Amino acid sequence: IDLADVIGRVRRLFDLDADSLVVDDHLAADSRLAPTVLANPGLRVPGAWDGFETAVRAVLGQQVSVARATGLGQRLMEAYGDGGFPPPEVLLRARPAELGMPGRRGEAISRLAALVASGELVLDEGADAELLSSQLCAIPGIGPWTAAYVSMRVARDPDAFPHGDWVVMKMLQATRAEARRLAEGWRPWRAYAVMYLWRWAAQEQEAGCA
């Protein structure tokens, strides 16, 4: 076991190098975010243990529930994995659509795997977020939401912002264009703002179920 590699992955996974005081002070200056920032201080942006797996799971989660995406991920592992998540060299030859997802999404996973296997697409913390986003959006079947999500978690871009996210728009009571405009003041910490908006929505849902 490469202990240094494991420690590095854990630090990325839990975003342990973030300066939460700086982030929270900046975001709490916005009256929309202040209540949830003050109620949930120190939220981090979760990273990725493995960039490729996280990216594939993001594609699987497009326009479906979390439970459905999790189920598809499990089926992918059972069909093509060997005790773990299948590497790009395996998935580029696979037919993921056979597992019960739209053909376009399955093709996107195969194309993603081929680009990673060839080295054309880099999915790690050192990736250039802007380049990564453009490369992902160039793959048929992958849209801006997925690209922003991967930039947040894999490239560790603290300013990545999925302005078309349904929960983000709902909590801001805004359209996509309005959400993007409202988020300008959150730079360079828009990814953390998303975490607070998602947490705010989850707490409202929990309160409604109580």
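**Group meeting: a walk through an all-helix model**

Okay, let's start from the outside: the accessible surface of this chain comes to about 11,100 Å², and 54% of that belongs to carbon and sulfur atoms. Keep in mind as we go that this is a predicted model.

On to the fold. What are the elements, going from the N terminus on? They're α-α-α-α-α-α-α-α-α-α-α-α. That's 12 helices and zero strands in the chain. The radius of gyration is 18 Å, close to the 17 Å that the globule rule gives for 210 residues, so the chain is as compact as a globular protein of that length. If you want a feel for the dimensions, the C-alpha trace spans about 50 × 40 × 35 Å along its principal axes.

How much of the chain is buried? Of its 210 residues, 43% count as buried. And take the contacts with a separation of 6 or more: residues 24 or more positions apart account for 63% of those. As for charge, the chain has 22 positive and 27 negative charges, and their mean positions are 6 Å apart.

Now for some aromatics. The structure holds four aromatic pairs, and I'll show you two of them.

Take Phe52 and Phe85: the ring centres are 6.4 Å apart and the planes sit at 70°, so we call that pair edge-to-face. Where are the two residues in the chain? Phe52 is in helix H4, residues 51–60, while Phe85 is in the loop between helix H5 (66–80) and helix H6 (88–91), so this pair ties together parts that are 33 residues apart in sequence. Are they buried or exposed? Phe52 is buried, at 6% relative accessible area, and Phe85 is buried as well, at 17%.

The other pair is Trp145 with Tyr149. Here the centres are 5.1 Å apart and the planes are at 10°, so this one is stacked. Both residues belong to helix H9 (residues 144–153), and they're four residues apart, which is about one turn of the helix. Tyr149 is buried, with a relative accessible area of 17%. Trp145 comes out at 29%, and because buried needs under 20% and exposed needs over 50%, Trp145 counts as partly exposed.

Last stop: some backbone oddities, in loops.

If you've got the structure open, go to Asp15. Its phi is near 55°, a positive value in a residue other than glycine. Asp15 is in the loop between helix H1 (3–13) and helix H2 (20–27), and at 7% relative accessibility it counts as buried.

Then jump to Gln173, which isn't a glycine either but has a positive phi of about 50°. Gln173 is in a loop too, between helix H10 (166–172) and H11. Is Gln173 buried or exposed? Gln173 is exposed, with a relative accessible area of 74%.

Further along, what kind of peptide bond joins Arg187 and Pro188? It's cis, with omega at about 5°. You'll find Pro188 in the loop between helix H11 (176–182) and helix H12 (190–209).

So, to recap: 12 helices and zero strands, four aromatic pairs, positive phi at Asp15 and at Gln173, and a cis bond between Arg187 and Pro188. That's my bit, thanks.

Notes. Residues are numbered from 1 along each chain as its sequence is written. This is a predicted model: local features need pLDDT of at least 70, side-chain atom pairs count only at pLDDT 80 or more; totals for chains, interfaces and linings use all residues. Side-chain values use heavy atoms; hydrogens and water are left out. Buried means under 20% relative accessible area, exposed over 50%, partly exposed in between (1.4 Å probe, protein chains only). Rings of Phe, Tyr and Trp (its six-membered ring) pair if their centres lie within 6.5 Å; planes under 30 degrees apart count as stacked, over 60 as edge-to-face and the rest as tilted. The radius of gyration is taken over C-alpha atoms; the globule rule is 2.2 Å times the number of residues to the power 0.38. Contact means heavy atoms within 4.5 Å. Accessible areas come from the Shrake-Rupley method with a 1.4 Å probe; for residues, only the protein chains shown count as cover. Lys and Arg count as positive and Asp and Glu as negative; His and the chain ends are not counted. The place of a charge is taken as NZ of Lys, CZ of Arg, CG of Asp or CD of Glu.
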